[in-house]
Amino acid sequence: MLYSQTLFSVLEVLLITVPVLLTVAYVTIAERKTMASMQRRLGPNIVGYWGLLQAFADALKLLLKEYVAPTQANLVLFFLGPIITLIFSLLGFAVVPYGPGLAISDFNLGILYMLAVSSLSTYGILLAGWSANSKYAFLGSLRSTAQLISYELILSSAILLVILLTGSLNLTVNIEAQRAIWFAIPLFPIFIIFFIGSVAETNRAPFDLAEAESELVSGFMTEHAAVIFVFFFLAEYASIVLICILNSILFLGGYIFNFIPMLNIIIELFDLDYSNIISYETYFSNPLVEGLLYGLTLGIKSCIMIFTFIWVRASFPRIRFDQLMSFCWTVLLPIVIAFIILVPCILYSFEIIPSNLALL
């Protein structure tokens, strides 16, 4: 019995981790192709059909490279930093609901867990930059730590407003609460602020000051190469995928998509045979089909968010570090605090505070 439970747990983890790593590989290709299209280039198009195997060729090249570590580095922490960053980037996927009940662990503190896990990955960046004994890597890690800690406050404050509307830290409850309306509509300014904080949290352009090539060579991972560099690379794109899924869950309804009402609209719009609607409803009520549609819905919403991340990188120039910090503390934070005061007042005025919050 114990062995079967262990085997089932291992299979669950593999069922989530392997698709995530494949997704990360194809996000890198999507970014290169999308940015190439925006800049009137072709992008990778040699390895595989349409360049679809380019990410695997790059990974193989890095895995086969000779690893060289700095002689003055603290080798234990130098190796441990990228490993910590990758592990905590992947741990967040454990609580993502891909459908009703379709999560490895659907526990009641899912949002708190995701915030904690994303915060701990900062330690990996700090350790990697400090242990390299290089001024470029150390400056990059200091910048990254200051940036992540600052914008973490923006993210957690924006999430607090979503919790005020749902009254729960459970991700599935937050999704199900959006069956009437996505939270991106009533909380649109907060959605934009959360998205900006997400871009900064993942060290993406125009907030990629931690790895600014023009100033710090490659920031906190200047001295890393070969396999250990792959860990940083995977961690960065895994964090992008995870934060885009979190954007979709908190503001875009997650896996929710009302298939039957939409099907009714399509049938009436195109004047199709209405008598077949019963067979369509029966088909969509199949648990396997329904689960696939839920996962596909969350995937499409997350892909739109990932495309927006790439679009932002291709559109905006990098800003100075002092501008980055002042934008957080003097612009975004006052707006978020104003909404933290405004939203509870509106909820109290219309007596629509969630029942489990009203009891406190």
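Glu 31 is buried, because its relative accessibility is 3%, and a residue counts as buried under 20%. I should state at once that this is a predicted model. The side chain of Glu 31 forms a salt bridge with that of Arg 313, at 2.8 Å from N to O. This pair joins distant parts of the chain: Glu 31 belongs to helix H1 and Arg 313 to helix H12, residues 287-315, with their positions 282 residues apart. Arg 313 itself is partly exposed, at a relative accessible area of 33%.

Which residues are linked with Glu 31 in a network of salt bridges? They are Arg 204, Glu 236 and Arg 313. Within that network, Arg 204 pairs with Glu 236, their closest N and O atoms being 3.8 Å apart. Arg 204 sits in the loop between H7 and H8, whereas Glu 236 is part of helix H9, residues 226-251; the two are 32 residues apart. Both of these residues are buried.

The whole structure contains 6 salt bridges. Another of them connects the side chains of Glu 176 and Arg 179, at 2.6 Å from N to O. Here Glu 176 is partly exposed at 28%, and Arg 179 is likewise partly exposed at 34%.

Let me turn to the backbone. Most residues other than glycine have a negative phi. Asn 203, in the loop between helix H7 and helix H8, has a positive phi of about 55°. Arg 40, in the loop between helix H1 and helix H2, also has a positive phi, near 60°. Are these residues buried or exposed? Asn 203 is buried at 6%, while Arg 40 is exposed at 75%.

Terms used
Residues numbered from 1 in each chain as written. Predicted model: local features only at pLDDT ≥ 70, side-chain atom pairs only at ≥ 80, totals over all residues. Heavy atoms only, no water. Helix = DSSP H or I, 4+ residues; strand = E, 2+ residues; numbered from the N terminus. Buried < 20%, exposed > 50% of the residue type's maximum accessible area, 1.4 Å probe, protein only. Salt bridge = Lys/Arg side-chain N within 4 Å of Asp/Glu carboxyl O.
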